[in-house]
Amino acid sequence: MGRTLIINVEHNSELIQFLAKIAEENKIVIATFTAIGALKSAKIAFYNQEKHDYHSIPIETPHEMVSCIGNISIKDGKPFIHAHVVLANEAGNVKAGHLLEGIVFASEVYLTELKGLKLDRKHDEITGLSLWNRE
Amino acid sequence: MGRTLIINVEHNSELIQFLAKIAEENKIVIATFTAIGALKSAKIAFYNQEKHDYHSIPIETPHEMVSCIGNISIKDGKPFIHAHVVLANEAGNVKAGHLLEGIVFASEVYLTELKGLKLDRKHDEITGLSLWNRE
Amino acid sequence: MGRTLIINVEHNSELIQFLAKIAEENKIVIATFTAIGALKSAKIAFYNQEKHDYHSIPIETPHEMVSCIGNISIKDGKPFIHAHVVLANEAGNVKAGHLLEGIVFASEVYLTELKGLKLDRKHDEITGLSLWNRE
């Protein structure tokens, strides 16, 4: 186990970039995190398992971020943030998917660094995704 | 890192109050948790980012609690529970938001105490929320 | 605290069985986990709190697994996986519930073993569920 970070994400920051910056500044190479909060807008995505590409879904109104589960690992030598989110509107209705971009209204992140593991991403032929190296 | 608690929540208890009691009894001041289970009913909410108030959404029928992510910190000198939930009905359809109140049918909570951090909430002008004190 | 496992789940494996095998092979008796990824198909369920039975909901198309929260404990002497999932389709719409079965396209699991706790499941009259033994 490594460090534990509790982060109050900056208002108006973009969540993926914000977490990548935190990782770089703290030299975090492997971590897992959960977050809750609210986003002003977002771009989420669905991965087409046959065509091997992401289909983007714009979220243009404010939503509660009711769940954000993700991890940090190294891809192409840099910290890579992988996160999935569930977003709810004022009726409690939900849109969810892979998080491409989220403009933060407010967000609380709980991040756990995982020491002693080496975990690089590399291209996987079968899925077309950058998966953790099984080695 | 502090203590780890695995909690079988009491049938018919209200989840937020139940967790606050656990925190007080165990003198937990900062923690993070996840939970799954089922609720008999609930009250969830959406925060209006412009008007700065919560809009409440009543959930009057039994739902699976498919995700509950939250944390404990200190607000006005007492443990404050902040949790977001995703609830699913018998068709697998979902309502989600900030958890105001949840009557527990059954629930399993995994709670991690975070020692050595001081984290009080105070009013934030920009969002109108009680956010973690940045210092 | 026990071991921490970061698992790249095998393509085409069934998630519940895969995690049970990981638990058996590593002699894990209590653990908690979160996962994200994508499923090719799934079977989820809603528990009827009055009739005390599960109503199954088939998910026959590929979905993002936007949230999977679960735990491992011992039931009838063997590792038992309890997991709830939120699944999203290409429009970002969601189905969610208790996970009975999930065929993995890709999935990243973060599992934390909890040492020093004894946690067996036994039948609970009130809910009709196998809950953690209160002692």
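**Exercise 1. Which side chains of chain A and chain B meet in a salt bridge, and what surrounds that pair in the interface?**

Solution.
Step 1. The side chains of A:Glu108 and B:Arg121 form a salt bridge, with N to O at 2.8 Å. The term requires a side-chain nitrogen of Lys or Arg within 4 Å of a carboxyl oxygen of Asp or Glu.

Step 2. The count of salt bridges between chain A and chain B is one. Eleven residue pairs, both at pLDDT 80 or more, are in polar contact between these chains. Such a contact is a pair of N or O atoms within 3.5 Å; within protein, one must be able to donate a hydrogen and the other to accept it, and residues adjacent in sequence count only if both atoms are side-chain atoms.

Step 3. On the side of chain A that touches chain B, the elements giving two or more residues are β1 (4–9), β2 (31–48), β4 (63–75), β5 (78–88) and β6 (94–113) of chain A. β4(A) supplies the largest share, seven residues. Strands here are DSSP runs (E, at least two residues), numbered from the N terminus.

Step 4. By class, that side of chain A has 18 nonpolar, ten polar and four charged residues. Ala, Val, Leu, Ile, Met, Phe, Trp, Tyr, Cys and Pro count as nonpolar, Asp, Glu, Lys and Arg as charged, and the others, Gly among them, as polar.

**Basis of the values**

This is a predicted model: local features need pLDDT of at least 70, side-chain atom pairs count only at pLDDT 80 or more, and totals for chains, interfaces and linings use all residues. Residues are numbered from 1 along each chain as its sequence is written, chains are lettered from A and ligands numbered from 1 in the order in which they are written, and side-chain values use heavy atoms, with hydrogens and water left out.

**Exercise 2. How many residues of chain A are in contact with chain B, and what area do the chains bury?**

Solution.
Step 1. Contact means heavy atoms within 4.5 Å. By that test, 32 residues of chain A touch 34 residues of chain B.

Step 2. The two chains bury about 2600 Å² between them, and 66% of it is on carbon and sulfur atoms. Buried area is the accessible area (1.4 Å probe) that two parts lose on being put together, summed over both.

**Exercise 3. What turn lays chain B on chain C?**

Solution.
Step 1. A turn of 120 degrees, with a shift of 0.0 Å along the axis, lays chain B on chain C at an RMSD of 0.0 Å. That is the relation of a three-fold axis. The fit is by least squares on the C-alpha atoms of residues with pLDDT of at least 70 in both copies.

Step 2. In chain B, B:Val94 has the C-alpha nearest the axis, 4.0 Å from it.

Step 3. Only 12% of the interface residues of chain B are also interface residues in chain C, so the copies meet through different surfaces.

**Exercise 4. Is C:His84 buried or exposed, and which backbone oxygen lies 3.0 Å from its side chain?**

Solution.
Step 1. C:His84 is in strand β5 (residues 78–88) of chain C.

Step 2. C:His84 is buried, at a relative accessible area of 1%. Buried means under 20%, exposed over 50%, partly exposed in between (1.4 Å probe, protein chains only).

Step 3. The backbone oxygen of B:Met65 lies 3.0 Å from a polar atom of the C:His84 side chain. The side chains of C:His84 and C:His82 share a polar contact of 3.4 Å.

Technical notes:
Helix = DSSP H or I, 4+ residues; strand = E, 2+ residues; numbered from the N terminus.
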